[in-house]
Amino acid sequence: ISQPKQDLKFNYRIPGKDPINDYYNLQTGYESTDLNDTRSSKTSAGIHYWTKKLGNWERDYFTRLEYESFRQGLSEGNSLLLIPGVSLNRLRVDKAIDPEFGDRILLTSEFSQPAWGSDLGFTRLWARTKWLQTPWEGARFTTRLEQGGIIGSNLDEMPPGLRFFAGGDQSVRGFGFETISPVDASGQLTGARYVTTGSLEYAHPVAEKWRLATFVDAGTATNDYQDPLRVGTGLGMRWISPFGPIRFDLAFGVSETHVPWRLHFGLGA
């Protein structure tokens with residue numbers, strides 16, 4: 001029933017010596033995507049080792065095998081990739097439902113080389129960090145930064161799932177989900193080699209369990225950083241529900257000649 005993406009996944013978890021803090025995860029699945037100018041069918045299998053034995057850092061060591069048939073704009077093809085990598089995740093908050101202070105860091109590095117049977121050779125790096133501060137009672141300052149890049153390989157040969165796009169409620173608000181990207185000769189999105197985004201938001205209490213927010217997002221998905229920076233700004237409301245903050249944002253892409261707008265919804269801090 002989901003038109004943009006359908007997927008079927010199977011996970012089998014094997015406890016480690018300390019089941020709360022480490023385990024193995026066997027995964028396999030199929031994913032079909034029809035979003036914007038992306039058409040893709042992907043079958044994958046992998047093994048992950050997850051552990052939380054390095055302070056507050058969670059580590060995920062993985063190796064996955066992917067076969068993907070795709071069309072991205074005017075380019076199309078298929079690829080068989082064996083991709084090892086590691087992800088690091090650290091989350092620190094003072095309380096779960098409506099935190100006043102906190103930060104999160106996500107880091108991922110993954111690799112592929114023809115030497116071990118992959119069709120392509122590349123290194124893909126991605127990082128995101130977010131900070132939450134409360135300078136006075138009820139107020140919230142939130143800052144977010146994202147940076148990603150691909151080293152090596154012809155971008156046209158890479159499957160869409162490994163390329164970078166920007167836009168959406170976790171990227172640059174005011175723009176559609178993953179609609180910021182270079183375009184090909186036909187005007188269709190191609191995906192990019194690099195992505196850079198940032199956000200600054202302030203939320204002020206206006207009633208019990210309600211905050212009024214204002215924000216500015218900026219970023220780009222680009223191959224050479226010659227593309228213009230996209231900027232979105234707007235207003236939003238935050239309702240502190242029993243399940244965490246529920247966010248309603250009305251955002252405008254003010255960097256565009258014909259200003260687009262989007263209504264974004266979100267749940268959680």
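**A tour from P205 to the nonpolar core**

Select P205: this residue is partly exposed, with a relative accessible area of 29%. The model on display is predicted. P205 belongs to strand 9, which covers residues 194-207. Next, show its surroundings. Leaving aside neighbours within four places in sequence, P205 is in contact with E137, G138, A139, W210 and R211. Now add A269 to the selection; the C-alpha atoms of P205 and A269 lie 15 Å apart in space, and the two residues are 64 apart in sequence.

Move next to strand 4, residues 57-72, and display strand 5 with it. The two strands run antiparallel and are joined by 16 bridges. Within this pairing, select Y61, which stands opposite V86 of strand 5. Then follow the chain to the turn: strands 4 and 5 form a hairpin with two residues between them. G73, in that turn, has a positive phi of about 65°.

Keep strand 5 displayed and add strand 6, residues 102-112. Nine bridges join this antiparallel pair. Here S87 can be selected together with T108 of strand 6, which it stands opposite.

Finally, turn to the largest nonpolar core, which has 17 residues. Select L81, F122, I150, M158 and L162, the members that touch the most others in the core. Strand 5 (75-93) and strand 7 (122-133) each supply at least two residues of this core. End the tour on L162 and display its contacts. Not counting residues up to four places away in sequence, L162 touches R64, L81, I83, E110, F122, R124 and I150.

Key: Residues numbered from 1 in each chain as written. Predicted model: local features only at pLDDT ≥ 70, side-chain atom pairs only at ≥ 80, totals over all residues. Heavy atoms only, no water. Core = buried A, V, L, I, M, F, W, Y, C linked by side-chain atoms within 4.5 Å. Buried < 20%, exposed > 50% of the residue type's maximum accessible area, 1.4 Å probe, protein only. Helix = DSSP H or I, 4+ residues; strand = E, 2+ residues; numbered from the N terminus. Contact = heavy atoms within 4.5 Å. Pairing = 2+ DSSP bridges.
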